[in-house]
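Colleague: Hi! Could you walk me through this one while I have it open?

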Amino acid sequence: MATFQLGDLPVEVVHKNIKNVHLSVYPPSGKVKVSAPLHMELETIRVFVISKLSWIKKQQKKLKNQKREAPRDYIERESHYYQGKRYQLKVIENQNKSRVELNHKYLTLYVRPESDLQKRQDILNQWYREQLKQQIPKLIDQYEKLMDVDVAEFGVKRMKTKWGTCNPEARRIWVNLELAKKPPECLEYIVVHEMLHLLEASHNNRFTNLMDLFLPKWRLYKDELNRLPVRHELWRY
Ligand SMILES: [Zn+2]
C-alpha cells in the first residue's frame, strides 16, 4: 500500500490485479482510497484523483451530513424507518417482556422503565434482525430456483461499509442489518447480488448480464440504496 498527500487530503493507494481504477470515499470520516491496476504509476493516479477532487469533497460533505442525522435517542415521536417507510416512535414503559409493535403510523417500543438508550437500541435492532430473518429465506428460495444455486447459510449483521457479502466456497451470504430500514426491493437486490456471486465471483460483464436477467430493475434499487462506500470508477484499459 502507498499513500500520498494532496494538500490536506491523504490518499491511500492499493495496487491490485484489476483493470479499472476505483476511487472510494469511506464512512465515517470520508477517507479516500484508490484501487489501481498493478502497473499504474503513482503520478497517473495522482492526476486522476486531482480530476475527481470536487466529487470527493461532495461525497465527504454528504457523509458528514449523514453522520449528523444518524444518532437516535429512542424517545417519543422520533422518526424510525422500516422497509423504506417512516414511523413515529412511541415508547411505552412497563414491566413486561420488551417487544416492538408496528402499525400504520407508529413503531411502538415496549420497554422496562429502567431501560437506557443502549437497551432500547438493542431491542429495536433485534426486532429488525428478526424481520430480515423472516424475509430473507423467502427471497433465497425464490432465487435458488431461478438461478439454480444453493445457499448453505445466511446471516444478518451490522456492517459499516457493505450492504452484503458472499463467501462462495462456504455458500454463505451476509446481509447488512440496515437493510431492514430500506425498501423491500433493496433487500431483494442485495440478496440477488450476493447469491449471484455463487455463479460469478467478480463484478464483470457476465455478472452484470446475469443481474439484468434475474432482476432487470437492479440499477434502480442500487441507486435507491445510495451505496456506501460511495464509489467512483474511472477508465477502462
Ligand atoms: Zn458483489
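Colleague: Let's start at the beginning of the chain. In which sense do strand β1 and strand β2 pair, and over how many bridges?

Modeller: Happy to help, and keep in mind that this is a predicted model. Strand β1 (residues 2-6) pairs with strand β2 (residues 9-16) in the antiparallel sense, over five bridges. Ala2, for instance, has Val13 in β2 as its bridge partner.

Colleague: What do β1 and β2 form, and which residue in the turn has a positive phi?

Modeller: They form a hairpin with two residues between the strands. Gly7 in the turn has the positive phi, about 60 degrees.

Colleague: Okay, zooming out. How is the protein chain divided into domains?

Modeller: There is domain 1, covering 2-65, and domain 2, covering 117-227. Their centres, taken over C-alpha atoms, are separated by 27 Å.

Colleague: I also see a sheet of four strands. What is the strand order there?

Modeller: The order is β5-β6-β8-β7, in an open sheet with mixed pairing. β5 (79-82) and β7 (99-102) are at the edges with a single partner strand each, so each has one side without a neighbour in the sheet. On average, neighbouring strands in this sheet are turned by 35 degrees against each other, ignoring direction.

Colleague: And in the middle, which way do β6 and β8 pair, parallel or antiparallel?

Modeller: Parallel: strand β6 (residues 85-93) and strand β8 (residues 106-111) are joined over six bridges. One pair to look for is Leu89, whose bridge partner in β8 is Leu107.

Colleague: Found it. Now the sheet of three strands: what is its order?

Modeller: That one runs β9-β11-β10, again as an open sheet with mixed pairing. β9 (153-157) and β10 (164-167) take the edges with a single partner strand each, so one side of each has no neighbour in the sheet. Here the average turn between neighbouring strands is 15 degrees, direction ignored.

Colleague: Which sense goes with β9 and β11?

Modeller: β9 and strand β11 (residues 172-176) pair in the parallel sense, over five bridges. Phe154 has Ile173 as its bridge partner in β11.

Colleague: What about β10 and β11, how many bridges do they have?

Modeller: Four, and the sense is antiparallel. Thr165 stands opposite Trp174 of β11. The two strands form a hairpin with four residues between them, and Arg171 in the turn has a positive phi of about 50 degrees.

Colleague: On to the helices. Which strands does α3 lie across?

Modeller: α3 lies across β9 and β11, and its direction is at about 150 degrees to β9. α4 packs on the sheet too, touching β10 and β11, and makes about 155 degrees with the direction of β11.

Colleague: At what angle do α3 and α4 cross?

Modeller: Roughly 50 degrees, with the axes of helix α3 (residues 117-147) and helix α4 (residues 184-196) coming within 10 Å. The two helices are therefore oblique to each other. Their crossing is right-handed.

Colleague: Which residues make that contact?

Modeller: From α3, they include Leu132, Ile136, Leu139, Ile140, Tyr143 and Met147. From α4, they include Leu187, Val191, Val192, Met195 and Leu196. By type, the residues of this contact divide into eleven nonpolar, two polar and two charged.

Colleague: And how does α4 pack with α6, what are the angle and the axis separation?

Modeller: α4 and helix α6 (residues 218-225) pack at about 110 degrees, with axes 9 Å apart. That makes α4 and α6 roughly perpendicular to each other. α4 passes α6 in a left-handed crossing.

Colleague: Who's involved on each side there?

Modeller: α4 brings Glu185, Cys186, Tyr189 and Ile190, while α6 brings Trp218, Tyr221, Lys222, Glu224 and Leu225. Six residues of this contact are nonpolar, three are charged and none is polar.

Colleague: Great, I'll go and look at those helices on screen. Thanks!

Terms used:
Residues are numbered from 1 along each chain as its sequence is written. This is a predicted model: local features need pLDDT of at least 70, side-chain atom pairs count only at pLDDT 80 or more; totals for chains, interfaces and linings use all residues. Side-chain values use heavy atoms; hydrogens and water are left out. Axes are lines fitted to C-alpha atoms, for helices over the stretch in contact, and angles run from 0 to 180 degrees between N-to-C directions. Angles under 35 degrees count as roughly parallel, over 145 as roughly antiparallel, 65 to 115 as roughly perpendicular and the rest as oblique. A crossing is left-handed if the near helix is turned anticlockwise from the far one by less than a right angle, and right-handed if clockwise. Contact means heavy atoms within 4.5 Å. Ala, Val, Leu, Ile, Met, Phe, Trp, Tyr, Cys and Pro count as nonpolar, Asp, Glu, Lys and Arg as charged, and the others, Gly among them, as polar. Two strands pair if DSSP finds at least two bridges between them. Domain bounds come from an automatic or database domain assignment.
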